[in-house]
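Trainee: Could you take me through one part of this model closely, going step by step? I would like to see how a local detail connects to what lies around it.

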Amino acid sequence: VIAVCAVYAVLSPKSLALSTLRVINPLSDIAAPSRVQILDVKPGKTSVARGERVEVSAEIHGLSADEPVRLRYSTADETTVDESIRMERPSAESRRFEASLPRGTDAGVEQDLSYWIEAGDARSRKFKLTVFTRPTLMVQKIHYAYPPYTGLPTKETNHVGDIRGVEGTKVT
């Protein structure tokens, strides 16, 4: 048994320790051993404001030159399932690959989604991207009390967010 394990450890590009751990504890969240390693996935689990684009990047080791790296994602409401975006290297010698979410729109991310990366025989775990709505303010009324030297009467505006007045104007 020791000889077989030693031969497997030397000849296989995959980790014997990971294989053993997965056999011992099959319900654990241990990734399957693979030739390719996906490391340092950014931004990982995060929250973004509705309409923002998200830059996803990861460091990939053990990838052959002709193998693509794919960013995959599915929206929470399942209108988009397993959508694929090709990740690119910023430079030829870099091990980091990058892509933007979502694909094909300038609108940015509109709803919660989960994403993961696939490269060669490896697949990262799924990361959750939560979308929140930015708070907004609605101006209902603005009261302007101009300084006496202007000779201007007081003024009120309704539902106008652009506040303008000469220096010394009291705005409430």
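Mentor: Let's start with E78, which is exposed, with a relative accessible area of 61%. The cut-off helps here: a residue counts as exposed when its value is over 50%, so the 61% of E78 qualifies. Please keep in mind that this is a predicted model. E78 sits in the loop between β4 and β5. Its backbone is worth a look too, as E78 has a positive phi near 65° although it is a residue other than glycine. Why pause at that? Most residues other than glycine have a negative phi.

Now go to D40, another residue with a positive phi, about 50° in this case, that is not a glycine. Where E78 is in a loop, D40 is placed in strand β1. D40 is partly exposed, with a relative accessible area of 39%. This is the part I would like you to study closely, since we can follow its contacts from one residue to another.

Begin with the charges. D40 forms a salt bridge with K42, and the closest N and O atoms of that pair are 3.8 Å apart. K42 counts as partly exposed, at 42% relative accessibility. A third residue joins in: D40, K42 and R96 are linked in a network of salt bridges.

R96 leads us on to S57. The side chains of S57 and R96 make a polar contact of 2.8 Å. S57 belongs to strand β3, which covers residues 54-61. Is S57 buried or exposed? S57 is buried, with a relative accessible area of 10%. The cut-off for buried is under 20%, so a value of 10% puts S57 in that class. Leaving aside residues up to four places away in sequence, S57 touches D40, V41, K42, M87, R96, F97 and E98. Notice that D40, K42 and R96, the members of the salt-bridge network, are among these contacts.

Next, step along the chain from K42 to P43. The peptide bond between K42 and P43 is cis, with omega near 10°. As a general point, most peptide bonds are trans. P43 has its place in the loop between β1 and β2, where β2 is residues 46-49.

Which residue touches both K42 and P43? Y115 does, and its contacts, again not counting residues up to four places away in sequence, also include V41, G44, V56, L71 and L101. Y115 takes us into the interior. The largest nonpolar core has 26 residues, and I60, L71, L101, Y115 and I117 touch the most other members. Several strands contribute to this core: β1, β3, β4, β5, β6, β7 and β9 each supply at least two residues. Nonpolar side chains tend to be buried together in soluble globular proteins.

With that picture in mind, we can look at charged pairs elsewhere. A search of the whole structure finds seven salt bridges. One of them joins the side chains of E88 and R86, at 3.4 Å from N to O. E88 is partly exposed, with a relative accessible area of 45%, and R86 also counts as partly exposed, at 43%. Another salt bridge is formed by E156 and K141, whose closest N and O atoms are 3.8 Å apart. E156 lies in strand β11 and K141 in strand β10, so this pair ties together parts that are 15 residues apart in sequence. E156 is partly exposed at 47%, whereas K141 is exposed at 51%.

One more loop residue makes a good companion to E78. T133 lies in the loop between β9 and β10, and it is exposed, with a relative accessible area of 53%. The side chain of T133 is joined to that of R50 by a polar contact of 3.3 Å.

Finally, set the core beside a patch on the surface. V7, V10 and L11 make a nonpolar surface patch of about 340 Å². V10 is found in helix α1, residues 2-11, and V10 is exposed, with a relative accessible area of 67%.

To retrace the central path, begin at D40 with its positive phi, follow the salt-bridge network to K42 and R96, and then take the polar contact from R96 to buried S57.

Key:
Residues are numbered from 1 along each chain as its sequence is written. This is a predicted model: local features need pLDDT of at least 70, side-chain atom pairs count only at pLDDT 80 or more; totals for chains, interfaces and linings use all residues. Side-chain values use heavy atoms; hydrogens and water are left out. Helices (H or I, at least four residues) and strands (E, at least two) are DSSP runs, numbered from the N terminus. Buried means under 20% relative accessible area, exposed over 50%, partly exposed in between (1.4 Å probe, protein chains only). A polar contact is a pair of N or O atoms within 3.5 Å; within protein, one must be able to donate a hydrogen and the other to accept it, and residues adjacent in sequence count only if both atoms are side-chain atoms. Contact means heavy atoms within 4.5 Å. Patches are made of residues with over 30% relative accessible area and no salt bridge: like charges are joined within 9 Å, nonpolar side chains (Val, Leu, Ile, Met, Phe, Trp, Tyr) within 5 Å. Accessible areas come from the Shrake-Rupley method with a 1.4 Å probe; for residues, only the protein chains shown count as cover. A salt bridge is a side-chain nitrogen of Lys or Arg within 4 Å of a carboxyl oxygen of Asp or Glu. A nonpolar core is a set of buried Ala, Val, Leu, Ile, Met, Phe, Trp, Tyr and Cys residues joined through side-chain atoms within 4.5 Å.
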